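Here's a quick briefing to read with the model open in your viewer. Have a look at the sequence and the fold, then work through the notes below.

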Amino acid sequence: TETLYEEARQCRLGTDKFDLDGRHTGTGGGNHVVLGSKTPADSPFLRRPDMLGSMIAFWNNHPSLSYLFSSRFVGPTSQAPRPDESRRDAIYEMEIAISRLPDRDHFTPPWMVDRLFRDLLVDLTGNTHRAEICIDKLYSPDSATGRLGLVELRGFEMPPHARMSLAQQLLVRGVVAAFWSRPYQTPLTHWETALHDRFMLPHFVWKDLCDATAELGQNGITVDPNWFAPHHEFRFPMLGNVCYQDVQLSLRSAIEPWYVMGEEPGGSGTTRFVDSSIERLELLLDGLDITRFRVLCNGIQVPLHSTGIQGQFVAGVRFRAWQPPRCLHPTIGVHSPLKFDILDTRCHQSIGGCTYHVAHPGGRGTDRFPINANEAESRRAARFSFLGMTGGPIESYQAPPSTEVAPYPVTLDLRRFC
């Protein structure tokens, strides 16, 4: 892996890519991990079918493995959708399939694993290749090239550094080693709407990754979650932070599943646009007295969720960043800039705030991509402002729906308040 990265650099190829706004993103290339053996007969997934069942269950119970290392395009129509993103009853059916796996001490015909999981490890349209855990080359009856005993993990994007790629490979190697000696028997989790609510935010992704590495540690495989701190920072870059009266407010980029539009005729046939105009960020507060303070975003109360640490709360904010000609809910305009206020309910005044801009606040635009990381960082820094506190008394503000009935209790969707 290190040789590949170095040879690419010598050829003037790189794994760094920056958007126009300065965001550091993946190059778009896959870093898929393929597991198997030299011959199909030696494949661990054909010799031990419970191995595949363990990996499916472990990935289902830990969404951080699906979202921390993936590209920006996630969801049911992406290149590596989770089974529970495609159909609501997918996990129910998967539970039945895993229960039909034979015991590890019994002989299993090689076609058994393919028959059990082939129609469940698919995307929304039934495509077996576009799945997070792809088995179309495990033991497919279609052709000899499909009977290679291989399992492909497609939820990995090319990271910017070789050691980040090696850390991903080490994690997968640890999962295989852990469940080869002791199959993963934990029941599958039905995440429902929590999958695209909690696990779109960096706080919950990191917490889940720590839980996943702790489970591997119980199986004798030591994996330090701090090894993946660069992945977390790359996936969820810090946007800015402020501190007022010992209350610290931090903003980070979060994940937003892009919605696929309906089919329409195009120049080369039928096309489907993707609505990438919706973005999401995470709001994390430390030292907050929830009985006294509230947080407002554009005058709307943010639904704060306790992290389990005293005085620490987290929430997500979903908003329209720009207005493309083809998008979902075209009558809803742009919400940028996002203006945050820490409201003191005793005196009904803001003690401080900040402003986040999607584009340069001075209107300075460019059609040229950043040439290096320094220029990209300067563009990102220009979009966060320490100013923006609302002056004067704040007597009224809109409250979000009750968290007991809202399908996404941790996320404030500004589109519902237009």
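In β16, which residue is the bridge partner of L281? That partner is V317. Keep in mind that this is a predicted model. The notes go through the strands, then the pockets, then three single residues.

**Around strand β12**

- Strand β12 covers residues 278–286, and 7 of its 9 residues are buried, so this strand is mostly covered.
- On one pairing, β12 meets strand β16 (residues 313–320) in the antiparallel sense, with 8 bridges between them.
- The L281–V317 pair is one of the bridge pairs that link β12 with β16.
- β12 also pairs with strand β7 (residues 247–253), again antiparallel, over 6 bridges.
- For that second pairing, L249 has L285 of β12 as its bridge partner.

**The five-stranded open sheet**

- Reading across this sheet, the 5 strands come in the order β14-β13-β17-β18-β19, and the pairing is antiparallel.
- Its edges are β14 (300–301) and β19 (384–385), each of which pairs on one side only.
- Inside the order, β17 (residues 338–344) and β18 (residues 349–356) run antiparallel and are joined by 7 bridges.
- If you want a pair to click on, take D344, whose bridge partner in β18 is Q349.

**The three-stranded open sheet**

- Another open sheet has 3 strands, ordered β3-β5-β4, with antiparallel pairing.
- β3 (33–35) and β4 (133–134) are its edge strands; each has a single partner strand, so one side of each has no neighbour in the sheet.
- β3 pairs with strand β5 (residues 151–153) over 3 bridges, in the antiparallel sense.
- V34 and E152 are bridge partners there, with E152 sitting in β5.

**The largest pocket**

- The largest pocket holds about 1,100 Å³ of space.
- Its lining has 40 residues, and those nearest the centre are T193, H196, P257, R318 and Y408.
- Four elements, α5 (83–86), β8 (259–260), β12 and β20 (411–413), each give at least two residues to that lining.
- By class, the lining of the largest pocket splits into 20 nonpolar, 8 polar and 12 charged residues.

**The second largest pocket**

- The volume of the second largest pocket is about 950 Å³.
- It is lined by 35 residues, and L20, D21, V358, A359 and R383 are the closest to its centre.
- β12 turns up again here: β12 and α11 each supply at least two of the lining residues.
- The lining of the second largest pocket has 15 nonpolar, 6 polar and 14 charged residues.

**R379, in helix α11**

- R379 is part of helix α11 (residues 373–381).
- Why does R379 count as buried? Its relative accessible area is 15%, and the cut-off for buried is under 20%.
- Setting aside neighbours within four places in sequence, R379 is in contact with L20, D21, G22, T366, R368, F369 and P370.
- Two of those contacts, L20 and D21, are also among the residues closest to the centre of the second largest pocket.
- R379 and R368 are 11 residues apart along the chain, and their C-alpha atoms are separated by 12 Å.

**S277, in the loop before β12**

- S277 lies in the loop between β11 (274–275) and β12.
- S277 is buried, at 0% relative accessibility.
- Its side chain makes a polar contact of 2.5 Å with the side chain of D275.
- The side chains of S277 and R320 are joined by another polar contact, at 3.2 Å.
- Beyond four places in sequence, S277 is in contact with F319, R320, A321, W322, P324 and C327.

**D123, in the loop before β4**

- D123 is in the loop between α7 (111–117) and β4.
- Buried or exposed? D123 is buried, with a relative accessible area of 6%.
- Side chain to side chain, D123 makes a polar contact with T125 at 3.0 Å.
- A polar atom of the D123 side chain also lies 2.7 Å from the backbone nitrogen of N127.
- Not counting residues up to four places away in sequence, D123 touches P76, P81, S86 and R130.

Key. Residues are numbered from 1 along each chain as its sequence is written. This is a predicted model: local features need pLDDT of at least 70, side-chain atom pairs count only at pLDDT 80 or more; totals for chains, interfaces and linings use all residues. Side-chain values use heavy atoms; hydrogens and water are left out. Two strands pair if DSSP finds at least two bridges between them. Buried means under 20% relative accessible area, exposed over 50%, partly exposed in between (1.4 Å probe, protein chains only). Contact means heavy atoms within 4.5 Å. On a 1 Å grid over the protein atoms alone, a cavity is a set of points where a 1.4 Å probe fits but cannot get out, and a pocket is an open set with protein on both sides within 12 Å along at least five of seven lines; lining residues have an atom within 4 Å of a point. Grid points are joined across faces, edges and corners, and a volume is the space filled by probe spheres set on the points. Ala, Val, Leu, Ile, Met, Phe, Trp, Tyr, Cys and Pro count as nonpolar, Asp, Glu, Lys and Arg as charged, and the others, Gly among them, as polar. A polar contact is a pair of N or O atoms within 3.5 Å; within protein, one must be able to donate a hydrogen and the other to accept it, and residues adjacent in sequence count only if both atoms are side-chain atoms.
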